[in-house]
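Reader: Please give me a close account of one part of this model, following its strands and the loops that join them. I would like the backbone pairing and the unusual backbone angles treated together.

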Amino acid sequence: MARSIFSSLKGVDAFGKTMDDVKSRRGPARSTSAVTIISLAVIFTFVTFEFVDYRRINHDTSMVVDKSRGEKVTVNMNVTFPKIPCYLLSLDVVDISGERQNDVTHNILKTRIDQQRQKIADQPTSYELQNEAEKVMTNRGANYCGSCYGGLEPEGGCCQTCESVRQAYINRGWAFGDPDSIEQCKQEGWKEKIQSQMNEGCNVEGRLRVNKVAGSIQFSFGRSFQVNQMTLHELVPYLRDENVHDWRHRIGHLYFSSDDEFNIFKSSVSKGMKARLGIEGNPLDGAYGHTESTEYMFQYFLKVVSTQFRTISGEKINAHQYSSTHFDRDLSEGARGKTEEGVHVTHGVQGLPGVFFNYEISPMRIIHAETRQSFAHFITSTCAIVGGVLTVAGIFDSLLFTTQQVLKKSSGGAYGGKLM
């Protein structure tokens, strides 16, 4: 039975053979040689294109639900305020979870700048006005213990500097009312230092660690403190300053980054993929807000979207992108105001002079993945190219051969008719 099956399979032939009696005994014509050469050239060209396409790295973009939990986001910023001195500028962070960071100074560098927006040389760059505080403390002696004037005393029980008294007042929930009556402030020349810096500006650069929830980054006048769950701002330096300060500002850069981007290798890969995708810039880089009014509020509304880059080697780098809109408001108009078109509007929330970056976290994650065609796809395409070109070339060659035969017969018949 097995033999009968194999005997029947012998008759299966997908490649039929032409009998020798019907084969053409002609030699290769010029047209056939030309068609063959052209076919080989076309095959080589198409296979080269296919190989280049096989080696090319493509980018696929998809969107999924962001399932990450408990993460933190790093906010990198560089903002310049030409009309606000550093001692008057406060940076606070508050989020929807209730966490609040008042007067943030960790990983934040405040640089004093002059009216030409140049860094002031040989000057302290921090928020505190303590240029000579250490020298004053040395002259007071080792046994000196300054009074905190009713403020919340630190662990040592002594307030050695004007700034420590000021902090004790803020910790107690009091405003720093009359520094001229405080011994430490008079010895350090606190008032004179304010007057010497009142014409300066301030550049704020650094990074903030915030929870991955909706929140706000706030630049405002004076150091902030809380009393009975209310946020207040200590404005004594501002009130003692005779200058008029406004909130014009320029954003050098502002972007959100993940922990992966602190790795040098992953950071370079992330920057490279952003450049190839055309998303390396940030919406607020180089933005400028102008006003000449002290009572002015700038609000930027940011929508932060988690982003993941996947390389061809399987590496995954988490990052963030954001979109931005803004709204400006002149607080001198009060709760009621007008738009540029003359439409009357009412503001339901009382504003505060300053610059506010209000950010929200999108629930979606964008995935940019590097992909490449499979080797099987390349082989399949190559076989299709070779077979398709040879088939078309064979049909074209048959047409040429048939046409030549017809022309030969026609010319032969015509010549024979003339002899008759």
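Author: V94 of strand β3 has R100 as its bridge partner in β4. The model is a predicted one, in which local features need pLDDT of at least 70 and side-chain atom pairs count only at pLDDT 80 or more, while totals for chains, interfaces and linings use all residues. Residues are numbered from 1 along each chain as its sequence is written, and side-chain values use heavy atoms, with hydrogens and water left out.

Strands are DSSP runs of E with at least two residues, helices are runs of H or I with at least four residues, and both are numbered from the N terminus. Two strands count as paired if DSSP finds at least two bridges between them.

The pairing of V94 with R100 belongs to an antiparallel contact in which 2 bridges join β3 to β4, residues 100-101. The two strands form a hairpin with 4 residues between them, and G98 in its turn has a positive phi of about 100 degrees. β3 also runs antiparallel to β7 (residues 215-221), to which 7 bridges join it. Within that contact, V93 has I217 of β7 as its bridge partner. β3 itself spans residues 89-95, and 6 of its 7 residues are buried, where buried means under 20% relative accessible area, exposed over 50%, and partly exposed in between (1.4 Å probe, protein chains only).

Beyond the hairpin, the chain passes through a loop between β4 and β5 (108-113), where D103 is placed. D103 is not a glycine, yet its phi is positive, about 50 degrees. Most residues other than glycine have a negative phi. With a relative accessibility of 11%, D103 counts as buried.

β5 then pairs with β6 (residues 201-211) in the antiparallel sense, over 6 bridges. In this pairing, T111 stands opposite N203 of β6. The two strands belong to an open sheet of 5 strands, ordered β5-β6-β2-β10-β11, with antiparallel pairing. β5 and β11 (288-289) stand at the edges with a single partner strand each, so one side of each has no neighbour in the sheet.

After β5 comes the loop that leads to α3 (133-140), and R117 is found there. R117 is another residue other than glycine with a positive phi, near 65 degrees. Its relative accessibility is 39%, and R117 therefore counts as partly exposed, whereas D103 is buried.
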